[in-house]
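Please open the structure in your viewer and keep the selection panel at hand. The stops below go from one selection to the next, with a short account of what to look for at each.

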Amino acid sequence: MDQSSPTDIFAPDRWYRAGHGPRYTQLYRHIAAAIGSGALEVAAQLPPERDLAELAEVSRVTVRKAVAQLVDDGLLDQRRGAGTFVRPPPPKMEHSLSALLSFTEYMRQRGKTSSSQILRRGLFPPIPDEQMALGLSGTDRVARVDRLRSADGLPMAVEWSSLPHDILPEPERVETSLYDVLRARGNAPVRAVQRITAVNLSPSDAALLHLPDGAAVLRIDRTAYLPSGRPIEFTRGLYRSDIYDFVAELRLEPKP
Ligand code: 16G
């Protein structure tokens, strides 16, 4: 453990901008970004709290809050008596593109507990994209559930889900798992089509996912269908690309 972190990266001109939120949040995001980019290497030791406060020209309380958040997020490891170190990144999870799994099931398979923070839930008039995806008319209503999804408390994804009103008449019933609610009503999808794109995070989504502004994430649009072929879910999700790894199984088509 001979790597110490470079100290100039904590200088205030490297991370602080007036009017861009509390100091501890900005410091927290700066350190998270430095870990993500490798500027702070795995196993590097952070300067002690007092030194870090001096380098960053902030109070020790500010340093403590930023570091506590990074420890909570699993980016730093605080060892009593030894110091604070950059943790190795979590192993990427393989996500098969061919199994139709819910977020909750996917995390459970990996021994993780999923949770949802509800950002918005309710019934709304559908916008044209929702009408197209779900085959609704302008007079129908659409159930929307917007959630921040976490695994073992670590934010992993933001999901905006839209479903026809008759499929999810009471969106407020969705607590952790949307598919559990659909299953209970006999409306679970059996097939889905996904479109995957790489995008950069807006400041508000970055704040939700505890990532730096502009960080690259995967955007996945899923349209899911009932056995009858009726589309019943359109979900747009932003997924941390450092955690998700999508694997597609390909087969050689038998020659006719
Ligand atoms: C997954 C689905 C999402 C679905 C959610 C339901 C992808 C890319 N998306 O995150 O479309 O709404 O699972 O999970 O896999 P839940 O039952 O845990 O709410």
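Begin at the ligand and select Phe103, where a backbone N or O atom lies 2.9 Å from an oxygen atom of the ligand, a polar contact being a pair of N or O atoms within 3.5 Å (within protein, one must be able to donate a hydrogen and the other to accept it, and residues adjacent in sequence count only if both atoms are side-chain atoms). Bear in mind that this is a predicted model, in which local features need pLDDT of at least 70 and side-chain atom pairs count only at pLDDT 80 or more, whereas totals for chains, interfaces and linings use all residues. Residues are numbered from 1 along each chain as its sequence is written, and side-chain values use heavy atoms, with hydrogens and water left out.

Add Arg149, which places a polar side-chain atom 2.9 Å from a ligand oxygen atom, and then Leu178, whose polar backbone atom is 2.7 Å from an oxygen atom of the ligand. Taken alone, the ligand exposes 460 Å², and the protein buries 99% of that; these areas come from the Shrake-Rupley method with a 1.4 Å probe, and for residues only the protein chains shown count as cover.

Now widen the selection to the 17 residues around the ligand, of which Thr104, Glu159, Ser177, Leu178 and Glu233 come nearest; a residue is near a molecule if one of its heavy atoms lies within 4 Å of it. This shell divides into five nonpolar, seven polar and five charged residues, and strand 9 gives the largest share of it, three residues. Helices (H or I, at least four residues) and strands (E, at least two) are DSSP runs, numbered from the N terminus.

Move next to strand 1 (residues 76-79) and strand 2 (residues 83-86), which run antiparallel and are joined by four bridges, where pairing requires that DSSP finds at least two bridges. Leu76 stands opposite Val86, and Asp77 stands opposite Phe85. Three residues lie between the strands of this hairpin, in which Gly81 takes a positive phi near 80°.

For the interior, select Leu27 and Leu40, which have the most contacts inside the largest nonpolar core, a set of 23 residues. Such a core consists of buried Ala, Val, Leu, Ile, Met, Phe, Trp, Tyr and Cys residues joined through side-chain atoms within 4.5 Å, and buried means under 20% relative accessible area, exposed over 50% and partly exposed in between (1.4 Å probe, protein chains only). Helix 2 supplies the largest share of this core, six residues. A second, separate core of 13 residues includes Leu163, Leu168, Tyr179 and Leu226.

Finish with two loop residues. Glu57, in the loop between helix 3 and helix 4, has a positive phi of about 55° although it is not a glycine. Most residues other than glycine have a negative phi. Is Glu57 buried or exposed? Glu57 counts as exposed because its relative accessibility is 61%. His210, in the loop between helix 8 (203-209) and strand 8, also has a positive phi of about 55° without being a glycine, and at 23% relative accessibility His210 counts as partly exposed.

Methods: Ala, Val, Leu, Ile, Met, Phe, Trp, Tyr, Cys and Pro count as nonpolar, Asp, Glu, Lys and Arg as charged, and the others, Gly among them, as polar.
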